[in-house]
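Reader: I have a new model open on my screen and would love a friendly tour. Could we go through it together?

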Amino acid sequence: MHENIDTLIIGAGSAGLAALREVRKRTDSFLIVNDGPWGTTCARVGCMPSKLLIEAANAFHRRNSFEAFGIRGAGQLHVDLPAVLHRVRSLRDGFVAGTIQDSDAGDRQISGRAHLLGPDRVSVNGKEYRARRIIIATGTRPRFENAWRSLGDRVLTTDSLFEQPTLGRRMAVLGLGAVGTEMAQALARLGIEVTAFVTRRSAAGLSDPEVLGALWPLLEREFAIHVGERARLAAHAHGVEVISGDHRVVVDQVLVASGRVPNVEGLGLDTLGVTLDEHGLPPFDRNSRQVADLPVFIAGDLDPARALLHEAVDEGHIAGMNAFAGQPQGFRRRTALAITFSQPNAAVVGRSFKELSGEDIVIGHIDFSRQGRARIAQENAGLLRVYADRATGRLLGSEMCAPAGEHLAHLLALAVNNGLTVQQMLNMPIYHPVLEEGLRTALRRAASQWSAKGGDKAVSDLEACDLNRCGVMD
Ligand SMILES: Cc1cc2nc3c(=O)[nH]c(=O)nc-3n(C[C@H](O)[C@H](O)[C@H](O)COP(=O)(O)OP(=O)(O)OC[C@H]3O[C@@H](n4cnc5c(N)ncnc54)[C@H](O)[C@@H]3O)c2cc1C
Ligand SMILES: NC(=O)c1ccc[n+]([C@@H]2O[C@H](COP(=O)([O-])OP(=O)(O)OC[C@H]3O[C@@H](n4cnc5c(N)ncnc54)[C@H](O)[C@@H]3O)[C@@H](O)[C@H]2O)c1
């Protein structure tokens, strides 16, 4: 026995729920299937609880600049970790409840693990469904070695970190991608003695060695970083021993942040009749999300190319729309934008330094250690670099670790998205005193390289115009 439906969505994360919004506009004959807890990775164990922890950590960290501001008594403050974690969960639960409520599909949502039986057949909880269209959005899970399970709650991932009633005094963090960088700094700022283990000198997804070179010592000022062999974990009388080559550290708990793996096991992608790649994924078009020429679409982090919330949501919408299009359409994707919420914020906008390698580019920079507004706020650290095409002056990308970098990165993304040149960016008004003046310095330095005279002062931000026709006051 089987049931016929029009559309079946596998996975109710941010991508699956975005697809659901499109599907509901087009048919009532749908089913969304989710394995495990509802409420999305982002709200439950990802973006939201991590930012909640970071905000608490940064609030406490601000006490370190109080003396400089002339505010005394900061030494009296202390962190109540159970209270911090309670607030994280409490607000997080509200975000999760909102997500569940907004996406409620009544009896057309079921809990269970879906297995494909072919491009139009899916089994869930022992029942077979035949669907005209299938959207697969099963996301990822933290990379975790089976051997570590015996160490119980001493080895955490972001799936379990925020559920802890409290945390140990000493923690190791494996990996300094976005998760590791954000969490290592936040835990250190909450007073935990953190040692990060990495296999190579890289952090926060930065590819520009100068920007990484600016961020690295700032991180090292807050927690120890060991670069070496892949870390091994062993039970120890006083916790867990983390071993990397000759380097050994005993900690109370370990946070594994060494990446995420796509949820493809047991999904039955091999029944689609197409060749799977080394990650177990079928061939699909990144702009239309269609798998080969099948009525099957892929969305979200399952495809690791752009494993970020706004991209997962875009992909869900694209998949949902294209599932009903006679001829699936390719959508122009947004300018790349990735922000790691360390302090200073690390960000990559547009094309990264690595992606531009070998191209004829002009680079402008600003070192925030002497930037006015950053000094006023006692946040004067970091480096921002902009990359522009030498031939056209168009801004191509940027990498940074900068105070309020999250906002500067959005401004730059808007410019890259709209194909603006460095000179066009310099035409925008910039207030005083703001951090954007730092960005302007970087742009001016880039612009000065097109000037015959060279040097910062050779460039005017305003384009010359006929005095009779422009610059007239109303
Ligand atoms: C700690 C952390 C912090 C993050 N912070 C940010 C951030 O600040 N900004 C940002 O942009 N991004 C952030 N991200 C990334 C963001 O969370 C993801 O891009 C997003 O959640 C991906 O959504 P998704 O729908 O692809 O996957 P998910 O939300 O994981 O949804 C997939 C769903 O499919 C289910 N599933 C799996 N297999 C099956 C099956 N066989 N049958 C049925 N259901 C199945 C899963 O259980 C899950 O519920 C963060 C991630 C983490 C881990
Ligand atoms: N602010 C944000 O937008 C944000 C925050 C967190 C996560 N995310 C997203 O979630 C996804 C997962 O992030 P992530 O940081 O877990 O993964 P990641 O793949 O970005 O980083 C993992 C890092 O761990 C290193 N590593 C791998 N094995 C290791 C080992 N054995 N020991 C030490 N280091 C090891 C890798 O070289 C890599 O640098 C990413 O796609 C990221 O974009 C985004």
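**Around ligand 2**

Author: Happy to, and please keep in mind that this is a predicted model. Let us start at the ligand: α6 gives the most residues to the shell around ligand 2, namely four.

Reader: Which elements give two or more residues to the shell around ligand 2?

Author: The shell holds 24 residues, and among the closest are Gly175, Gly177 and Val179. Val179 falls within the span of α6, 178–189. The elements giving two or more residues are α6, β10 (193–198) and β18 (337–340).

Reader: By class, how many residues of the shell around ligand 2 are charged?

Author: The shell has twelve nonpolar residues and nine polar ones. That leaves the charged class, with three residues.

Reader: Which domains each give at least three residues to the shell around ligand 2?

Author: The chain is divided into domain 1 (2–38 + 103–142 + 261–322), domain 2 (146–259) and domain 3 (337–452). The closest residues include Ser258 as well as Ala307. The domains that each give at least three residues to the shell are domain 2 and domain 3.

**Cores**

Reader: Which element gives the largest share of the largest nonpolar core?

Author: This core has 90 residues, and Met171, Val173, Leu215, Val254 and Met400 touch the most other members. The largest share, seven residues, comes from α6. Domain 2 and domain 3 each supply at least three residues to this core. So the name to remember is α6.

Reader: What does Val254 touch, leaving out residues up to four places away in sequence?

Author: Val254 is one of the core members that touch the most others. Its contacts include Met171, another of those members. The full list is Arg154, Val155, Leu156, Met171, Ala172, Leu174, Leu233, Val240 and Val242.

Reader: How many residues are in the second, separate core?

Author: Among the members of this second core are Leu17, Leu116, Leu272 and Ala319. The core is separate, and its size is 39 residues.

**The whole chain**

Reader: Why is the chain called as compact as a globular protein of its length?

Author: The chain has twelve helices and 22 strands. For 474 residues the globule rule gives 23 Å, and the chain is close to that, so it is as compact as a globular protein of that length. The radius of gyration of the chain is 25 Å.

Reader: How far apart are the C-alpha centres of domain 1 and domain 3?

Author: For scale, the C-alpha trace spans about 80 × 70 × 45 Å along its principal axes. The two centres lie apart by 38 Å.

Definitions and conventions
Residues numbered from 1 in each chain as written. Chains lettered and ligands numbered in written order. Predicted model: local features only at pLDDT ≥ 70, side-chain atom pairs only at ≥ 80, totals over all residues. Domains from an automatic or database assignment. Rg over C-alpha atoms; globule rule 2.2 N^0.38 Å. Near = placed C-beta within 6 Å. Nonpolar A, V, L, I, M, F, W, Y, C, P; charged D, E, K, R; others polar. Core = buried A, V, L, I, M, F, W, Y, C linked by C-beta atoms within 7 Å. Buried ≥ 20, exposed ≤ 12 C-beta atoms within 10 Å, placed from the backbone. Contact = placed C-beta atoms within 7 Å.
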